[in-house]
Every structure is written in structure tokens, then in C-alpha cells.
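User: I'd like to learn how to read the features of a structure like this one. Could you walk me through it?

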Amino acid sequence: MQKVMTSLQDVNPRVRGIRVSSQSALQSLAEKTTREITQGVPKPFKKVIDVSSGDPQRAGMKPNSFVRQVLAVCLCPKLLREEGLPLDVRLRAQRLLEACDGESVGSYTASSGLPHIRQTIAEFIMKRDEGVPAYAENIFISSGAQRALMVIVKLLSEGEGQPQTGLLIPQPCPHTLLPLLDEAGVMAAPYRLVEEKSWAVDLSELHRASTTSRGHCTLRAIYISNPGNPTGHLQDRKSIEEVIEFAAAERLLLLVDEVYQDSVYAPNREFISYKKVLFEMDNHLRETVEMVSFNSLSCACVAECGLRAGYMEVINMDSGVMHFVDTMLCTDINAPVTGQLALDLMLSPPKPGDPSYNTFAEETLLTRATLAQNAQQTLKLLNDLPGMSCWPAMGGIYLYPRLNLPAEIREQANMLGLEADVLYCQMLLQEEGLILGAGQHGGTTGSHHLRLCVLVPPDTLEEVLSRISSFHLRLTDREHNGSYRKTKSRSNMLSSAEEIGQSYI
């Protein structure tokens, strides 16, 4: 009997075309290194620390007590009678269980989410935007913001035989965005963020990218991340208005990732949503600009990334199209119920006077203070290192420093078919057991960057900064002393770098 799939050539070409990021290759090497440590292989470090992606709990940040307590009761309803738990925790769990079919988190929900949770989201948005209307029927819950974005992008994608759909995306952008576009068959049309202006969105660059891409694809939408992932830039009202007017003039759907809206820490700056700005512009724009905004549990203060739940709010979208948003979500059946419940808890937390309020407020304040202090401490160290510079972030959980690497590293990376910052990250992993994210490429020629999550416990950050400093200073000393080629780790480094090169191909 002939096999259905006999070789790589039989795999769906679109799946084969999904680019493998350097992050995936580095993660594989990190797992190999961790196994070796477990097996007793000598290493110059005791464990691998990963600060390459936005997963604070993986790095050691503690979960929010209120969220976890309510979820615990929902998962084990007999705890409703546990008087050792705060009363508001038990009452909230009871209400959430009553919102579930069969009063159980083990039951299915509507594909677009529990009606109770969608209403909670609408009320949060209306309060955040100071009275701008929000409606539960325009809100769709998904298995994370990434899944919600995929649904919209797939709806935009033209079928076979049509000019390829294009999406304007920032350079740099979230490291998960490009593989998502590959899977959907959509072309990335990059617009460069202005590094010299703290990674600001530039209107003239939007026009350049739009004009340049028109001959290669059919532009259908523009993607914005605010606060920026991974740059930490926060747009002001004027910048948001410019993007909205640009989207209207170019007839583009506006896709706005606002996941880190709770993590603005720059002095005298505050988050303002695209929706609020849109509804304060003239009637024509308010009634015609199509927009989808995204938020999720991966935000800074809750950071329940593994619970996999997010939502999108669609604005000015045709009801027929909205029907197909729901149809696409039906392929997942529904988002994880525990994640949906956590969205409710994130967006409607304890109020002053509730038994859990003081603990909740203290934990949230500590998280925000840790983020701000870590960002400041990390920024200082990065800017003190030779050949490294970094703009201050205004929000989000990353810093995105620029690297000016030694010529020897650049030459070696070129020989291996890698970008120099990818090789830098691999060497850092091998010598110090630390994973940073490599920058994105295709923007300014010759520029290299790192992605570093700073929402980690302060003692972990101290260790992270110590490892970065030790490695980077050794690297620059090798260059200055002409001893790079003599380092004992070079042969191992080349072997591992070749592994990355193979996984990149």
C-alpha cells in the first residue's frame, strides 16, 4: 500500500515555506545544553536562563494570587466551602462557574467565548476609553492574541491564482509575526521604525513602504504594536492620528496589538488606545475606518501566558465578515475555559474594600515597580558596555539594544551563513548559559540587535546582567588582544553555530 506522505516534497508547500526563526534554533540548543547539565556534563554555569521571550513566569515571576485562587476554586468546586480562602474569591468563582454550561470549566463554550466574559471585556474597554461604547457582540475570545491575529490575516488572504495579499508590518516586529504570515500565505511589507527617535512610527516611511510594495502584492492591512514589541516605544496621540488617517487614505484594515497596554512606565506618559483616538476624530473616520485591536493574558501584570487566552474587538466591520470571524474560531471549538475565566479576572480585578484588594494591589504595584526598575538598571549596563547602545523603552517588557560587533564575529557569521547577532546569541548561550533573542533583519543594512525581556525577578536580573557583561567584555577583549582565534571554546562554538545554520536553512 502506497504511503500518503513519502518525502519532504509531499508536505504542503506553504508549510514548508514557514521560516524557522533563530529563536527556535536557539531554544533547541538550550534544551540540549540543559540535558547535558542534567547528565553531569561540565559547564561554566549551573543552569540556562531564558530571557529571550515574553514569558515572565518561566523566568521566575510569581503569579497573581487572586487569579490563581479563583481558578483553583473553579477547578475544584469543593473549595467553595473552604473558609480559609477570601470571601470575594469564593463568590467570584461561584459566579464564573454559573456562567459555564453545567457549572463546570470542563464544558465547551461558544466559539467566540463565554457571553459573561465578553461582556466583562466590553465593560473594561468602555471604562478604559472613558465612555466610548463597546459591545460584547463585537468581541471575540481566542486562544491568545496570536490566534486572533491569524484568524483576521487568513480572512484577508487572497485565494490561489490571485495577487498575493500584503500586510504592512513594522521593522522590527514581534518575532512570531513573520511565521504567522508565512502560514497564512500573506506577504510582509516592512516599514522601518526610526531607531534614532526611540523606534517611532514615521509617516513618510509608511508611505514609502506602501508605494514600494504595491507592485509586489495587494496591500490589505497595516499592523501596529503599541506599546512596541520588542522596541518599547509608546505612540502619542498625534502619531496614532497619523496612522489612522494613513489607513483611511490607503483603504487598509488597521490591526493594533495592544497587549502591553498595562505596562507603561515612562515618566509623564500613559497608554491611549487607538479606538479612543479614532472615536475622538471626525465623524467620517469614526464611522468608516475598520480596525481590530488585540489584547491577551500575556500582558505584564498578569502574565499568564500558558493559559492561552486573548481577545479582539472589531470596529466598523461588515456583519457578513464578522460571521466568518466566528466561523474561523469554530475550528478551535473554543479557547481554553480557564484562560477565558482568567481574562475576566484580569479585566475586572478586586475593588477597594474587597478582602483580596490589598494583596492584589500590592502584587500589581510590585510587578510594575520591578519592571520599571529592571528596565532602568538594564539600560544603564547596556549603554556602559563597549559596542552596545540602547534607547530607553517607554512600556512593554523588552529592551532592544543595538550591537556593534567585532569584525571577527561578523566574518565568522558570514562564513556560516548567519547574521552576526544570531552567532552572538549562540556564543552567549554556550559560554554563559543565557538565551537572548536575536534582532530582526532586512531593515537598515548591517544593523544588529538583541531582544531582552526585563520582567524577571531582581535576583535573576542581577545574574542575567552579570552574564551579559562578562561575556561581552571577554568578546571585546579578544578582539582588542587579537586572541579571538585562540579561545578554547571556538571549536565548540563553530560546531553549535553550524547547528543553528542548518536549522535556519
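**Reading the model, feature by feature**

Analyst: Let's start at a helix end: α7 is followed by Gly-185, whose phi is positive, near 75°. This is a predicted model, so local features need pLDDT of at least 70, side-chain atom pairs count only at pLDDT 80 or more, and totals for chains, interfaces and linings use all residues. Residues are numbered from 1 along each chain as its sequence is written, and side-chain values use heavy atoms, with hydrogens and water left out.

User: What counts as a helix or a strand here?

Analyst: Both are DSSP runs numbered from the N terminus: helices are H or I with at least four residues, strands are E with at least two. Helix α7, for instance, covers residues 177-184.

User: Which residues of helix α7 are buried?

Analyst: Buried means under 20% relative accessible area, exposed means over 50%, and partly exposed is in between (1.4 Å probe, protein chains only). In α7, the buried ones are Leu-177, Leu-180, Leu-181, Asp-182 and Ala-184.

User: What covers the buried residues of α7?

Analyst: Cover is read from contacts, meaning heavy atoms within 4.5 Å. For α7 the cover includes α1 (13-16), α6 (145-156), β3 (165-171), β4 and β5 (218-225).

User: How do I read a single residue, say Ser-142: is it buried or exposed?

Analyst: Ser-142 is buried, at a relative accessible area of 2%. You'll find Ser-142 in strand β2 (residues 139-142). Leaving out residues up to four places away in sequence, Ser-142 touches Arg-147, Ala-148, Arg-308, Ala-309, Gly-310, Tyr-311, Leu-329 and Ala-335.

User: And the nonpolar cores? Which residues have the most contacts inside the largest one?

Analyst: A nonpolar core is a set of buried Ala, Val, Leu, Ile, Met, Phe, Trp, Tyr and Cys residues joined through side-chain atoms within 4.5 Å. The largest has 84 residues, and Leu-255 and Met-312 have the most contacts inside it. Not counting residues up to four places away in sequence, Met-312 touches residues including Ile-139, Phe-140, Val-151, Ile-152, Phe-294 and Val-325. Another core, of 36 residues, lies apart from that one, with Leu-71, Val-73, Cys-74 and Tyr-311 among its members.

User: Now the charged pairs. How many salt bridges are there?

Analyst: A salt bridge is a side-chain nitrogen of Lys or Arg within 4 Å of a carboxyl oxygen of Asp or Glu. By that rule the count is 20. Take Arg-92 and Asp-344, whose side chains meet at 2.8 Å, N to O. This pair links distant parts of the chain, 252 residues apart: Arg-92 is in helix α4 (residues 87-99) and Asp-344 in helix α13 (residues 337-347). Arg-92 counts as buried at 8% relative accessibility, and Asp-344 is buried at 1%.

User: What about the salt bridge between Glu-432 and Arg-474: how far apart in sequence are the two?

Analyst: Their side chains meet at 2.9 Å, N to O. The two residues are 42 apart, Glu-432 in helix α16 (residues 420-432) and Arg-474 in helix α17 (residues 458-481). Glu-432 counts as buried at 11% relative accessibility, while Arg-474 is partly exposed at 30%. Salt bridges can also form a network, as they do for Glu-130, Arg-237, Lys-276 and Glu-280.

User: How many aromatic pairs does a search of the whole structure find?

Analyst: Rings of Phe, Tyr and Trp (its six-membered ring) pair if their centres lie within 6.5 Å; planes under 30 degrees apart count as stacked, over 60 as edge-to-face and the rest as tilted. The search finds 3 pairs. In one, Tyr-260 and Tyr-398 have ring centres 6.4 Å apart and planes at 80°, so the pair is edge-to-face. Tyr-260 lies in the loop between β6 (253-257) and α10 (274-279) and Tyr-398 in strand β10 (residues 398-399), so the pair ties together parts 138 residues apart in sequence. Both Tyr-260 and Tyr-398 are buried. Tyr-424 and Phe-471 also form an edge-to-face pair, 5.0 Å centre to centre with 80° between the planes. Since Tyr-424 lies in helix α16 and Phe-471 in helix α17, that pair ties together parts 47 residues apart in sequence. Tyr-424 and Phe-471 are buried too.
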